[in-house]
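Here is a friendly walk through one model. Have the sequence and the 3D view open as you read.

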Amino acid sequence: MKPFAYVRATGLDEAVAAHARHPGARYLGGGTNLVDLMKLGVESPTALIDISRLPLGDVQELPSGGLRIGSMARNSDVAAHPAVRARHPVLSQALLAGASGQLRNMATTGGNLLQRTRCSYFQDVSKPCNKREPGTGCGARDGLHRDHAVLGQSQGCIATHPSDMAVALAALGAGIELYGPDGARTVPAAEFHRLPGDRPERDTVLRGGEIITAVVLPAPGSGAVSLYRKARDRASYAFALASVAAVLELDAGRVRRVALAFGGLAHRPWRAAAAEALLVGAEPTPAVLRRAVEAELAPARPLRDNGYKVALAANLAVDVLGALAVRAGGRPRPP
């Protein structure tokens with residue numbers, strides 16, 4: 001690990017100013033991903049700006065019925081919060097599906113969103129990786145890519161984003177509050193992470209020096225039900241091969257509103273806009289659900305060893321949406 005400066009910030013403006021004074025600095029929250037990457041030599045920040053003591057750890061109930069989750073709120077605390085469990089169980093389920101209890105006790109809301117891919121080529125500095133070192137190539141494309149992207153990938157990168165929480169936030173229509181040198185702004189959760197294109201080294205739309213300050217969840221819709229499911233190689237402490245977060249509202253047995261997001265398939269949480277459009281106004285029978293999900297996944301372009309992900313994600317989504325339809329009062333019929 002290379003030497004670096006350390007600054008303990010006592011306020012947002014102080015943190016942003018310290019970041020500006022140290023080109024190449026990184027903000028430090030729980031450190032569960034960043035410190036590991038520093039040990040591997042993947043990250044070599046010139047300075048760590050410690051924001052862990054800033055007053056950003058609360059979960060606040062908003063007059064609208066929504067929730068504002070501070071960026072320093074620990075994953076375990078958010079998952080266990082009564083308002084989160086009652087209004088947005090999909091978020092609690094996603095958080096509990098990630099990492100281990102010990103890591104959830106340290107990991108923060110902001111850090112979860114900013115964690116980097118677990119692609120083995122990215123984490124091994126002896127291997128080519130455009131995300132780690134632009135222009136060196138993508139070792140995974142012709143190498144080991146069983147866990148890699150089937151949607152939205154580019155010639156330069158086929159990595160997937162590892163966060164479970166981010167998938168739930170995309171389905172919930174959350175907003176990400178940011179603060180930086182140009183002041184405050186809010187970005188939709190589904191647009192916070194980027195597809196790789198020809199700039200795979202850029203994971204998010206964050207501008208230089210910006211800090212995630214909070215995640216804002218809208219009030220749940222009337223009669224809304226939600227669910228998160230994750231397919232993985234083992235029962236715990238494994239990243240998603242495919243995951244699904246869904247929110248569903250029915251009216252007289254037909255879909256009034258649906259939000260569907262996939263994890264483990266792309267460089268960012270994949271909001272299933274095509275499937276959603278096909279489902280609104282329809283009766284959620286198994287056949288209708290299957291057609292909508294397959295239409296969403298039709299653009300998938302798997303490589304040699306990860307084609308199984310398409311069927312896995314489709315079956316998972318149909319199962320999740322079917323379960324929600326029953327819970328919301330629908331009567332899915334056999335196809």
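## A sheet, two cores and a loop

Valine 59 has isoleucine 69, in E5, as its bridge partner. This is a predicted model, where local features need pLDDT of at least 70 and side-chain atom pairs count only at pLDDT 80 or more, while totals for chains, interfaces and linings use all residues. Residues are numbered from 1 along each chain as its sequence is written, and side-chain values use heavy atoms, with hydrogens and water left out.

E4 and E5 (residues 67-70) run antiparallel to each other over 3 bridges. Strands pair if DSSP finds at least two bridges between them; strands (E, at least two residues) and helices (H or I, at least four) are DSSP runs numbered from the N terminus. Both belong to an open, antiparallel sheet of 5 strands, ordered E4-E5-E8-E6-E7. Its edge strands, each pairing on one side only, are listed here.

| Edge strand | Residues |
|---|---|
| E4 | 59-61 |
| E7 | 183-188 |

Now for the cores. A nonpolar core is a set of buried Ala, Val, Leu, Ile, Met, Phe, Trp, Tyr and Cys residues joined through side-chain atoms within 4.5 Å; buried means under 20% relative accessible area (1.4 Å probe, protein chains only). The largest one has 36 residues, with Leu260, Phe262 and Val293 making the most contacts inside it. H13 gives the most to this core: 9 residues. A second, separate core has 35 residues, including Ala73 and Leu113.

Finally, threonine 108 sits in the loop between H6 (101-106) and H7 (109-114). Threonine 108 is buried, at 4% relative accessible area.

Methods: Buried means under 20% relative accessible area, exposed over 50%, partly exposed in between (1.4 Å probe, protein chains only).
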